[in-house]
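These are my notebook entries on one structure. I looked up strand pairing, the nonpolar cores and the contact of two chains.

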Amino acid sequence: MAVIRCQACGKPNPDFLDTCQYCDARLKPLTVPRSPSEPAPAQVGVVHCQACGKPNPASLEVCQFCESPLRPLTGPLTMPETAGVVKCQACGKSNPAFLDVCQFCESPLKPVDLTPAAGMPALSIPTQEDTPAASAVEEAPNWLSSLRGATPAGEPETPDWLAGSAEAAAPAEDIPDWLRGMQSATPSAPEPEPAAPAADVPDWMSALRSAPAEPATPAEDVPDWLRGMQRAAPSAPEPEPAASAADVPDWMSALRAESPTPAEPSTPEPLAALSEELPDWLRGMQSEAPVQPAPETPAAAEVPDWMSALPSAQPESAVPLVAAPSIASEEETVGEVLPPSDSAPDWLLALRGAAPEPEPASPEEMPDWLRALRGVTPAKGTGKTDFLRVLQSGEPEEAEPASPAVLAEDSGEGGLTQAALPAWLAAMRPVDVEYTALTDEADTYEERVGVLAGMRGVLRAEPTVALPRKSTVQVHKLDVSEGHAAQVKLLIGLLTEEGQARPAPKMRVRFGPLLERLIIVAVLLTAILLPPYLVPGLFPPPATITPETQAAFATVEGLPVDRPALVIMDYDPSNAGELDPAAAALMSHLMRRGIAVVTVSTRPLGAAMGDVVLVGVTEALSQTTGFQYASGTHYLNLGYLPGGAVGIAQFAADPRSAILTDFAGTPDVWAQPVVGRVNSIGDFGAVVLVTASPDSARAWIEQTQAFAAQIPMFAALSAGADPLVRPYYEGDSPRLRGLVSGLFAADQYQRQAGQPEDSTLAWRRDMLGSGLFAAAILLAGGNLVYALMGALRRPRR
Amino acid sequence: MPTDLPAGALSFLLTLAVLSYLVGDNPIYRVAIHLFVGAAAGYAVVITYCNVIYPRLLAPLLAFQFVGPGLPLVAGGLGLLLLLKPLRLVSPLGSLVIAFMVGVGVAAAIGGAVLGTIFPQTQATILSVLPGDDPNGLEKAIEAAVIILGTLATLGFFYYGGRGEAGRPGDRPTLLKPVAFVGQIFIGAAFGLMYAGALLASLALFTRSVTDLWGFASLFVGGR
């Protein structure tokens, strides 16, 4: 299935649609089906002005742009009657054909013209006098007469008795001379039978008697001018009576039978017979005339109205110009009795339903909706629209151009026909756009993946319109100035230099920060190194002890001696300078009291630190007390405890499964006497936390909360971790019962426990005191300088 | 203080190398740092192997004790999967082990934090500001008021519910601004205290290093 993209909205449509299914724009150009031998018309419905060359609707007589005549005047018969427009000879403006006087200047529009239309049989001049009824009909305008009838020429409404009187032809005197001349000049058509019988008997009575009317008109009733015409006309054989019932016309037979009898839609035989007797020039006109479905009636366009009413008065044996409207079906009636389409405007004909066959408009020219309204099926009368037929057949069907004849048959006489607008109204229409023939956009894309694989014409995932494109047309030339050229040259130079190897630039040494750093170091070194030598004992040993340190000491003093104390050594060698004195003081205090010490660490290096401290404490105690402390009996280093918080929780719940070997690698660690009765962390006498990390302290506090809530826990902390661990000590129900924070607290604890002072501790106390003093001065001085510099820089900003 | 000469000399040189950072980054400092890091890592590997890998994994497997403490077979399998983590094709297998470890660790940490930290410390802030009959009641009442004020003000400082207007940054509600200011003071004081503790710890470590260096040097130059 091919796809046609709408030129208006750009959306794809199936190729069997004529209008866009999204915006109703026309998808296919209007084309006129023609035979191959026939030259292609320029454009259907469009007439190009010969003066200005612009397109105009075909319904216009003058160009809507330059008001030049669009059609050449070929003779008196080229009146624009077909368009339903009459141009006023006085003011030159267009008027509808049904008007008698100009709507602009009120000048008479229609001169009497009895010239028969091409292809029409010659008119017989009535010889009877005009009847009042006929006069009344004549007085009424054409459109009113037509409306009255919707039926032929108003006569059917006339009663028979009146019809009989109306049969009286107009007197010869009433015919103007010019008409007489025309009639005499016109080859006489086969003269119909005299219409009316003797004037004595009205026609309606004749009808009641079922007596056929006399076909011949008495010679005395024929005026002279008519006789002359008859003589001038070549003699034609008497036509056979048309009706099968002898002299009875069809309509009367139908009346008698009280049943509708369809009238013969085709040309009656008398007319055919007459056509054989026509002169050559008239035959030529007939042959040239287009075949119309209802050409039987004389062309009333050139016949006055009163004369159009006369056919009812013609002899019944003559051409049955008028059928019985009351009994004939509408189609038949319309086909037979309506006046020629040329005499009435198209819109009126459309109302009657007997509009003349439109111009050979092709079905393609008509939109679908109009086709549907008309009942015209473009393809062989299947009664289905194109797309429906395509859907049913499963394959696209080539649109077969329907001939005008077929269209005429399909459209039916009762269907809607395209009305021609009067020129003055057509001039208000928008200009017809000349459509250019477009080639169908056949999308041959075939989907290869997905559920639509194998189908053609599917929408692609990435429409081609969305793909970035680059115009191949150079829309403008770059105006490169000298400045632009210089910048381009500079850019090229930069890009070139980037690819070349260059020596690394020398790092500039910022002397400002380096100088500040050296000054600080110098001050600190001076404060730390000089006092121990210059002023030894500047910072004496602490004479007091902090409450948290005293609490820790008291806790150790209160521990049972039959249960080992667990010391957690969670610090690295980098913190050994601060935490080793505190750890040593606590372990020494514990071991002095006879409490076994068991160390463990969640840090690999912490296990080693614990071993170092244990060895140092036991050696010191052995030297002091002379007691030999043995590993596994008086102390034990369990080593590294992996797993972080999870390992702590496991150790708190089941130490035997968490630790398999001690730090020395002893396999059966839990068989040693110091931990022989330990099955959980609650079996220890106390938990001593030595750490420089608040996270480690929090992890031990949190994970042992459920298993060691009843046993005492205290901590030896780095001074930096003290603020974050202190809340566990100062709460209402503190988890920690004491704190030994920093080097000063370790010194206090050592003194409180009565342990011998380390020889280096006095040095460190002096260095630490003076160093803190110098640091405080540096901090204060630094903040002051920073504030002054900020104050000095602020006005500059 | 190291008494043997090689260890003392090495510690002296390495300490000076680290202190050389005073004049900026230099190769001596980098060598010292690399030595320290490498020695620490190597020592950690040895400790881990001796305390964990061998007793928990290798020893049971070599003794064909597949079911025992620590489930050596399961632990070995998970360890192998973790070793496959650097390989791109089988890295998802290692991710399973990491997910297991992280999940268990987070669960243990959250449980301990709720029971061991959040509840106790929240309870510690529920204090009475009335002196009562305690002789130190007034002091305790003031301390309780400061604790309550500091807690609420600090929480108010971390209130991020302010709405920003077009062209202007988001700001706290007007009523919370003074509370946040007080909380900012408490937070500043806490950070200052931690900095002071860190400075004190650093000075303590520095004094330890200076003492060790002086002790080693005194072996040669004599002194105190």
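Entry 1, pairing. I count two strands as paired if DSSP finds at least two bridges between them. The model is predicted. By this criterion I examined strand S7 (residues 565–570) of chain A, which is joined to strand S10 (residues 686–691) of chain A by six bridges, the two running parallel. Within this pair I found A:Met569 opposite A:Val690 of S10(A).

Entry 2, the sheet. I then traced the whole sheet in chain A: it is open, has six strands in the order S9-S8-S7-S10-S11-S12, and its pairing is parallel. At the edges I find S9 and strand S12 (739–741) of chain A; each has a single partner strand, so one side of each lacks a neighbour in the sheet. From one strand to the next I note a twist that averages 15°.

Entry 3, the S9 edge. I asked how many residues of strand S9 (residues 635–640) of chain A are buried. Six of the six are buried, so S9(A) is largely enclosed by the rest of the structure. Its pairing with strand S8 (residues 597–601) of chain A is parallel and extends over four bridges. I recorded one of the bridge partners: A:Thr599 is matched with A:Asn637 in S9(A). Between S8(A) and S9(A) the chain passes through helix H21 (residues 604–625) of chain A, and I noted this β-α-β crossover as right-handed.

Entry 4, the nonpolar cores. The largest nonpolar core holds 94 residues, and I list A:Ala582, A:Met587, A:Val597, A:Val688 and A:Val690 as those that touch the most other members. Helix H20 (residues 576–592) of chain A gives the most to this core, namely nine residues. I looked up A:Met587 in particular: leaving aside neighbours within four places in sequence, A:Met587 is in contact with A:Val567, A:Val597, A:Val613, A:Leu614 and A:Val617. Apart from the largest core I found another, of eleven residues, including A:Val62, A:Leu70, A:Val86 and A:Cys102.

Entry 5, the contact between the chains. Which chain B elements give two or more residues to the side that touches chain A? I first noted that the contact takes 50 residues from chain A and 44 residues from chain B. The elements are helix H2 (27–62), helix H4 (91–124) and helix H6 (176–221) of chain B. H6(B) supplies the largest share of that side, 17 residues. By residue class, I recorded 29 nonpolar, 13 polar and two charged residues on the side of chain B that touches chain A.

Conventions: Residues are numbered from 1 along each chain as its sequence is written. Chains are lettered from A and ligands numbered from 1 in the order in which they are written. This is a predicted model: local features need pLDDT of at least 70, side-chain atom pairs count only at pLDDT 80 or more; totals for chains, interfaces and linings use all residues. Two residues are in contact if their C-beta atoms, placed from the backbone, lie within 7 Å. Ala, Val, Leu, Ile, Met, Phe, Trp, Tyr, Cys and Pro count as nonpolar, Asp, Glu, Lys and Arg as charged, and the others, Gly among them, as polar. A residue is buried if 20 or more other C-beta atoms lie within 10 Å of its own, exposed if 12 or fewer, and partly exposed in between; C-beta atoms are placed from the backbone. A crossover is right-handed if, with the strands pointing away from the viewer, the path from the first strand over the helix to the second runs clockwise. Axes are lines fitted to C-alpha atoms, for helices over the stretch in contact, and angles run from 0 to 180 degrees between N-to-C directions. A nonpolar core is a set of buried Ala, Val, Leu, Ile, Met, Phe, Trp, Tyr and Cys residues joined through C-beta atoms within 7 Å.
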